[in-house]
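Could you put together a few practice exercises on this structure, with worked solutions that go step by step? I am new to it and would like to learn to read it piece by piece.

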Amino acid sequence: MEPTAVMTDSPCAIQIRGLSKTYKTGFWFTPKVTHALKGVHLDIYENQAFGLMGLNGAGKTTLIKLVLALLRPTAGSVMVLGGSIAQRSVRQQIGYLPELPYFSKQHTGRELLEYFGSLHGFSGSTLQHRVDEILELIRMRSAAGLKVSGYSKGMLQRIGIGQALIGKPKLLICDEPMSGLDPVGYKEMRDIFIDLKKAGTTLFLNTHILDEVERVCDRIGILHEGSLKEVAPISKILESSVPVDYWIDVDSGEAPKLSGIPFQEAVQKNGGVQVSGLVLAETLSLLTSRKAQVKGVRPLSSQVEAYFLNAIGAQAHLNRPRMGTP
Amino acid sequence: MRRILAVTTFTFRELLRSRLLFVWLISVIVLCGLDFLLSILSFGSILQIFMDLGLAGMEISGLLVLLLGLAVTYTTEMDQKAIFLHLAKPLTRGEYLLGRILGFFLVNCLVVLGMGLVVVGLVIFLGGGTVPALFYDCVVFILLEMFVLTTLGLTYQMIATSMVGVVLYTFFTVFLGHCIGEVQWLLNQEMSHWIKVLLRMVYYILPNLEAFNLKDRLYDPNLVLGWAQWQDILLYAFSYSFVVFLIGWINLEKREFR
């Protein structure tokens with residue numbers, strides 16, 4: 001299924017047309033071909049936050065690397081901010097945070113930011129001022145003078161986002177930006193993204209964290225096995241009728257009344273029933289007719305998660321036992 | 001230019017703090033120890049021993065620092081993928097490569113010149129002699145050799161797929177580069193046409209590191225280094241390095257980072 005086009009007045013920050021990437025591995029006599037991306041068409045509009053979702057190995061990082069020209073496409077084209085990524089003027093306006101960024105351990109956080117700032121053309125007091133601003137933003141001022149070798153994973157991620165923002169980017173591309181962050185760091189990072197979005201920065205987030213997608217992104221794309229399955233505005237997804245899993249909690253003594261619920265989507269377990277939203281009403285009315293004491297009903301997944309699972313055809317997930325349920 | 005300078009400074013600082021200069025320090029200690037030992041045993045002139053060993057020490061310690069630096073930075077830049085962050089910035093791959101080469105070369109200059117100062121100190125203060133002008137020419141020749149090898153090493157770093165590969169390629173280039181005289185001698189012998197073609201390729205592709213080997217002629221009374229000789233060696237060092245740099249640049253442009 002081709003993604004649906006979304007009409008918007010904003011110009012394209014990233015325009016991807018028929019993008020394919022094939023990896024060839026193995027030796028001459030045993031070549032192995034992997035199709036990492038298969039003819040992806042995608043528009044990411046300026047001043048919007050776009051979230052790219054997909055399972056591990058779906059091709060998300062490959063897509064980002066192709067946008068940044070770290071990989072060459074087998075077929076198709078990418079336009080970034082109206083030009084080619086090869087142009088210095090285009091790169092000048094881009095910030096990139098790779099998944100688990102790695103830095104030379106011999107430098108301090110401040111030195112790294114100074115270096116990356118100088119690559120963006122800052123110098124002298126302007127550079128120092130910009131580095132101070134970024135250190136304040138990522139809350140690393142007190143650790144700025146320490147060598148990177150002594151930093152925690154979360155601190156490295158903060159320096160990573162700092163170097164991505166040092167050039168005041170118009171387009172920020174992040175690959176799993178929440179990796180390694182503690183809950184406080186996660187919230188701070190999310191707030192940074194929301195502030196950047198308000199300031200007009202285009203965000204392209206490659207993420208697994210659905211909460212981040214719901215709170216930050218305007219649109220999401222779902223990549224599965226190298227193909228873009230869906231592209232939709234988040235508002236549309238939240239209003240969509242994709243069924244969500246629910247947990248119906250009943251009294252422990254009511255177990256016999258749960259047996260024989262005639263729906264395939266309802267799975268009886270100790271203390272309740274896990275049921276798809278498709279048959280929630282019917283299951284509840286059945287339990288009421290059996291005079292079962294229902295203590296409560298709560299959703300087991302978000303609308304975005306359900307939409308994601310539906311898009312990649314993982315219906316089996318809906319009936320899979322989940323953590324947190326008995 | 002500012003961006004190249006930024007990469008140079010970054011590389012220089014990275015290498016200096018990687019404790020590579022311990023190699024230099026160990027070389028200096030070994031050199032002083034050997035000088036002391038040989039001067040006691042009185043094998044020839046003490047001054048000659050100081051200078052011969054010093055020049056050899058400069059070349060060896062420069063080479064060791066280069067090889068170790070290549071190994072350390074390959075792990076960081078290529079294996080750990082730190083290079084992604086540089087290449088995603090408004091910096092061309094050519095600027096990145098040139099900055100790295102200059103950063104490495106600066107560290108090598110520090111090592112070679114530092115060792116040179118130690119040797120001059122030994123000759124003047126311990127040996128009570130004077131340093132001939134040709135000694136300084138030898139140091140410049142070693143620096144030129146290091147420049148060629150640095151360009152080659154960094155180019156290998158852009159081509160090779162493992163750290164061991166980079167170190168081995170560089171090491172064998174040094175070894176074969178010093179055997180160019182033997183290759184030239186073989187070319188004048190009677191042998192199969194195809195072997196001669198192969199040898200001729202080796203002769204033209206590999207750097208002629210013997211061209212930078214002035215230290216063996218330090219006491220040659222007939223040796224006079226005129227402007228023409230300087231012109232030749234400078235032209236050779238920079239033109240060879242330029243071609244190697246272009247090859248490295250083209251490879252880096254083509255390289256994919258998975």
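Here are some exercises on this predicted model, each followed by a worked solution.

**Exercise 1. Get to know chain A.** Find how many helices and strands chain A has, and what share of its residues counts as buried.

Solution.
- Step 1: Start with the secondary structure, which in chain A comes to 11 helices and 13 strands.
- Step 2: Turn to burial: chain A has 326 residues, and 52% of them count as buried.
- Step 3: Finish with the contacts in chain A whose separation is 6 or more; 71% of them join residues 24 or more positions apart.

**Exercise 2. Check the span of a helix.** Compare the reach of helix H5 of chain B with the span expected at 1.5 Å a residue, then decide how enclosed the helix is.

Solution.
- Step 1: Locate the helix: H5 of chain B covers residues 93-126, which is 34 residues.
- Step 2: From the first C-alpha to the last, H5(B) reaches 49 Å, close to the expected 50 Å.
- Step 3: Buried means under 20% relative accessible area. Because 24 of the 34 residues of H5(B) are buried, the helix is largely enclosed by the rest of the structure.
- Step 4: Look just past the end of H5(B), where B:Gly128 takes a positive phi of about 65 degrees.

**Exercise 3. Repeat the check on H6.** Do the same for helix H6 of chain B, residues 133-159.

Solution.
- Step 1: H6(B) has 27 residues, so at 1.5 Å a residue it should span 39 Å.
- Step 2: The end C-alpha atoms of H6(B) are 40 Å apart, in agreement with that expectation.
- Step 3: H6(B) is mostly covered, with 23 of its 27 residues buried.

**Exercise 4. Two partners of one helix.** Work out how H2(B) and H3(B) are each oriented against H5(B).

Solution.
- Step 1: Recall that two packed helices are described by the angle between their axes and the distance between the axes.
- Step 2: Helix H2 of chain B (residues 21-41) packs on H5(B) at an angle of about 25 degrees, with the axes 11 Å apart.
- Step 3: Angles under 35 degrees count as roughly parallel, so H2(B) and H5(B) are roughly parallel to each other. Their crossing is right-handed.
- Step 4: Look at the residues that meet: those in H2(B) include B:Trp24, B:Leu31 and B:Asp35, while those in H5(B) include B:Gly114, B:Met115 and B:Leu122. By class, this contact has 11 nonpolar, two polar and one charged residue.
- Step 5: Now take helix H3 of chain B (residues 46-79), which packs on H5(B) at about 155 degrees with the axes 9 Å apart. That angle makes H3(B) roughly antiparallel to H5(B).
- Step 6: The crossing of H3(B) with H5(B) is right-handed, and the contact has 17 nonpolar, eight polar and two charged residues.

**Exercise 5. A meeting of the two chains.** Describe how H3 of chain A and H1 of chain B cross.

Solution.
- Step 1: The axes of H3(A) and H1(B), residues 2-17 of chain B, come within 8 Å and cross at roughly 155 degrees.
- Step 2: Therefore H3(A) is roughly antiparallel to H1(B), and the crossing is left-handed.
- Step 3: Among the residues making the contact are A:Glu111 and A:Tyr115 of H3(A), along with B:Phe10 and B:Arg13 of H1(B).
- Step 4: Sorted by class, the contact of H3(A) with H1(B) divides into six nonpolar, one polar and four charged residues.

**Exercise 6. Three loop residues.** Is each of A:His120, A:Leu100 and A:Arg139 buried, partly exposed or exposed?

Solution.
- Step 1: A:His120 is in the loop between H3 and H4 of chain A. With a relative accessible area of 5%, A:His120 is buried.
- Step 2: A:His120 touches residues of chain A, including A:Arg91 and A:Ile166, and residues of chain B, including B:Arg3 and B:Pro90.
- Step 3: A:Leu100 sits in the loop between strand E5 and H3 of chain A, and at 46% relative accessibility it is partly exposed.
- Step 4: A:Arg139, in the loop between H4 and H5 of chain A, is exposed at 56%.
- Step 5: Most residues other than glycine have a negative phi. A:Leu100 has a positive phi near 45 degrees, and A:Arg139 has a positive phi near 55 degrees.

Technical notes. Residues numbered from 1 in each chain as written. Chains lettered and ligands numbered in written order. Predicted model: local features only at pLDDT ≥ 70, side-chain atom pairs only at ≥ 80, totals over all residues. Heavy atoms only, no water. Helix = DSSP H or I, 4+ residues; strand = E, 2+ residues; numbered from the N terminus. Expected span 1.5 Å × (residues − 1). Buried < 20%, exposed > 50% of the residue type's maximum accessible area, 1.4 Å probe, protein only. Contact = heavy atoms within 4.5 Å. Axes fitted to C-alpha atoms, helices over the stretch in contact; angles between N-to-C directions. Parallel < 35°, antiparallel > 145°, perpendicular 65-115°, else oblique. Left-handed = near helix turned anticlockwise from the far one by under 90°. Nonpolar A, V, L, I, M, F, W, Y, C, P; charged D, E, K, R; others polar. Lists of a residue's contacts leave out its neighbours within four places in sequence.
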